There are 4 protein chains.
Amino acid sequence: MSDTDVYARQGFGAQAGFGARAALLLVDFVNGFNDPALFGGGNIPAAIEKTKLLLAAARETATPVCFTRVVYAAHGADAGVFCLKAPKLSVLTEEAHASQVVSELTPRADEYVLRKTQPSAFFGTDLAGWLIARKVDTVLVVGATTSGCVRASVVDAMSYNFRTIVVTDCVGDRALGPHEANLFDMGQKYADLHECAHVIAWLKRQAT
Amino acid sequence: MSDTDVYARQGFGAQAGFGARAALLLVDFVNGFNDPALFGGGNIPAAIEKTKLLLAAARETATPVCFTRVVYAAHGADAGVFCLKAPKLSVLTEEAHASQVVSELTPRADEYVLRKTQPSAFFGTDLAGWLIARKVDTVLVVGATTSGCVRASVVDAMSYNFRTIVVTDCVGDRALGPHEANLFDMGQKYADLHECAHVIAWLKRQAT
Amino acid sequence: MSDTDVYARQGFGAQAGFGARAALLLVDFVNGFNDPALFGGGNIPAAIEKTKLLLAAARETATPVCFTRVVYAAHGADAGVFCLKAPKLSVLTEEAHASQVVSELTPRADEYVLRKTQPSAFFGTDLAGWLIARKVDTVLVVGATTSGCVRASVVDAMSYNFRTIVVTDCVGDRALGPHEANLFDMGQKYADLHECAHVIAWLKRQAT
Amino acid sequence: MSDTDVYARQGFGAQAGFGARAALLLVDFVNGFNDPALFGGGNIPAAIEKTKLLLAAARETATPVCFTRVVYAAHGADAGVFCLKAPKLSVLTEEAHASQVVSELTPRADEYVLRKTQPSAFFGTDLAGWLIARKVDTVLVVGATTSGCVRASVVDAMSYNFRTIVVTDCVGDRALGPHEANLFDMGQKYADLHECAHVIAWLKRQAT
């Protein structure tokens, strides 16, 4: 019996569906996660390229947009265990080039750019409240990496009972094995998986 | 270049190490996750068997112990998106056999048994505060499933800056592909991986 | 200059207003907080009496209802600092009469009864997610005590960006000085204050 | 029977005591909360003056120090309900003079300065994890205002099971009625109250 069969027999992998009003969450699409010498590589550049289309559609449909950046204080003032497991994270300080959103997806002045220090965009941030204030019930998740901050953010979005959609061609990872393995886990248990074109079409239908 | 090489070159996979005082967290070792007709199967029975040794060592060394159970209210009063992705979860009510800790690991009357509704043992629970009150800096994680509630709990334990140890032969999953893939992710980014025998030896050294 | 003038000059005390869909949160209306020999007294019985009307209106209008109870594990397994400040809290165990919702407000089988160990109904619970799943944007808060668990829950409801309404004749306290002082603080900074009759009229208008 | 008698009879007001290792939390001692034309006034200048002594003692004894600032994004990108209740809060942007720590208490380069948007220093921030990483069990709270962000932070510090100390002559408020009322509530239920001199003496004893 295949892994998928095991999950199907136990009732995993159902579709939760879209809700009525979405936000777009762009997880850690910053220079450092698009630089193979730092934390990038793999299919991340392709995900950024596809995300340009989705971001344009979000803006066109007045969908709330939130970008995340990993930002640590200088001098290790807020360093913790994550920086022990991955010491290079500490280069991601407020002014560092590596911690700025990639130029292909530059935030507009009125869009929210959220600082975080942990994998999940919800952990130690006010993202849940930001979504509540905007009457959002559905979170569209894109970004890097699939097996890291995307996965952690997806688990928390679902745990807060937001309908959670992973946009499969807008998430990327430095290595493809973990990318695929985490898409499997998320699709079975936490999120619905859809391609960018499907999500754009949904956004446009909702806006009319 | 292998996945492991990619991660190594980017500085992932460092050891965070043990701290000074541990707690043992047993994630969802309940009947329903040990029953292949519900959510069990794979190497979960073997993980339970090994955990008997670790639980005995924790008790012998006065290490704080916390068991988790997934518990939903009757009549869907607290059902959310997780129950849309995996509808059978709603059978796990307070009195159901499926939501009781397995008999091999029966909690003692003075041990903490935590109810939860989401993957992470920390989400919507007072586990962080429980650990703080007990001056714990290191969380030893065992349970089921590796790719589900164990992984989610490990990410949160690390995000709260607890040294996090996954006891590799005391975690299990219904399917081995996700089990292995998630051990890889956790070892690279969130936790140190050790076998039961190593952790028991550490507990005994600390206690003397 | 009076306290109220100081606050007014600094722009506090604005009305946030109601949103579009409310939930009713009944904080700790349990026997122990209605018993002057335990944690009750003052105007708590009057608040319970008025709340009967509001609960009936909530049920009539299909407004989601959540009751909270303070529940500690037996044998101090989850005791913390709150139990050091107020040691009698530890009598509030799962089966204790003192920790059951008062008979005047008995929950129906399909209503949510939330266990908590800390002042706020949101702290270490899944209440935020429960509200999100029900597409709530407005939380109507009643219960006991005004200066304790009501105040803490109101601060968190507002921090999550729910429109927060304190129903002034449905909250009570063991002593009137703290009751009044906390109504002032909440009205200035965190919540709109309205009487029961006003809130019932709003619920009925929304439902039509 | 006085309010204090009511509380005493119900077992409130016990001392939780100090733990073994403290951090100093300075809540919102920023220019805007020391300016009577914005959110300041009352006894806040006196609290800042006394806090200079406590901050010096914390530095001398290598006690971890955390300053908080209220910081909102420009253009209302993260505004929520708090800004509806107190609309002037939105002036507190990253670069605004009003949102910088007062010059009497300038943070050193290696001290942690935490941005927050809600009353509690813990809400939507990584403060709990920061304290855990530093093996802190006791939080010394100073700042402004007693009835606002200090109170909210104290409730959360206690809810996370940190021993919580309010330094009574190092907290201040724009109006004295709420200052006194909130010291009463906190002392009865959430924190031990001590003067600066007592806390400094404790810090020095612990350090030897």
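Student: When are two residues in contact here?
Tutor: When their C-beta atoms, placed from the backbone, lie within 7 Å. This is a predicted model: local features need pLDDT of at least 70, side-chain atom pairs count only at pLDDT 80 or more, and totals for chains, interfaces and linings use all residues. Residues are numbered from 1 along each chain as its sequence is written, while chains are lettered from A and ligands numbered from 1 in the order in which they are written.

Student: OK, what order do the strands of the chain B sheet have?
Tutor: β3-β2-β1-β4-β5-β6, six strands in an open sheet with parallel pairing. Strands (E, at least two residues) and helices (H or I, at least four) are DSSP runs, numbered from the N terminus. Strands pair if DSSP finds at least two bridges between them.

Student: Which strands stand at the edges?
Tutor: β3 (112-116) and β6 (192-194) of chain B. Each has a single partner strand, so one side of each lacks a neighbour in the sheet.

Student: And which helix lies across β1, β2, β4 and β5 of chain B?
Tutor: α2 (residues 44-60) of chain B, at about 130° to β5(B). Angles run from 0 to 180 degrees between N-to-C directions, with axes fitted to C-alpha atoms, for helices over the stretch in contact. Helix α7 (residues 196-207) of chain B also packs on the sheet, touching β1, β4, β5 and β6 of chain B.

Student: Switching topic. What turn lays chain B on chain A?
Tutor: 180°, with a shift of 0.0 Å along the axis and an RMSD of 0.0 Å. That is a two-fold axis relation. The fit is least squares on C-alpha atoms of residues with pLDDT of at least 70 in both copies.

Student: Which residue of chain B comes closest to the rotation axis?
Tutor: A181(B), at 3.2 Å by C-alpha.
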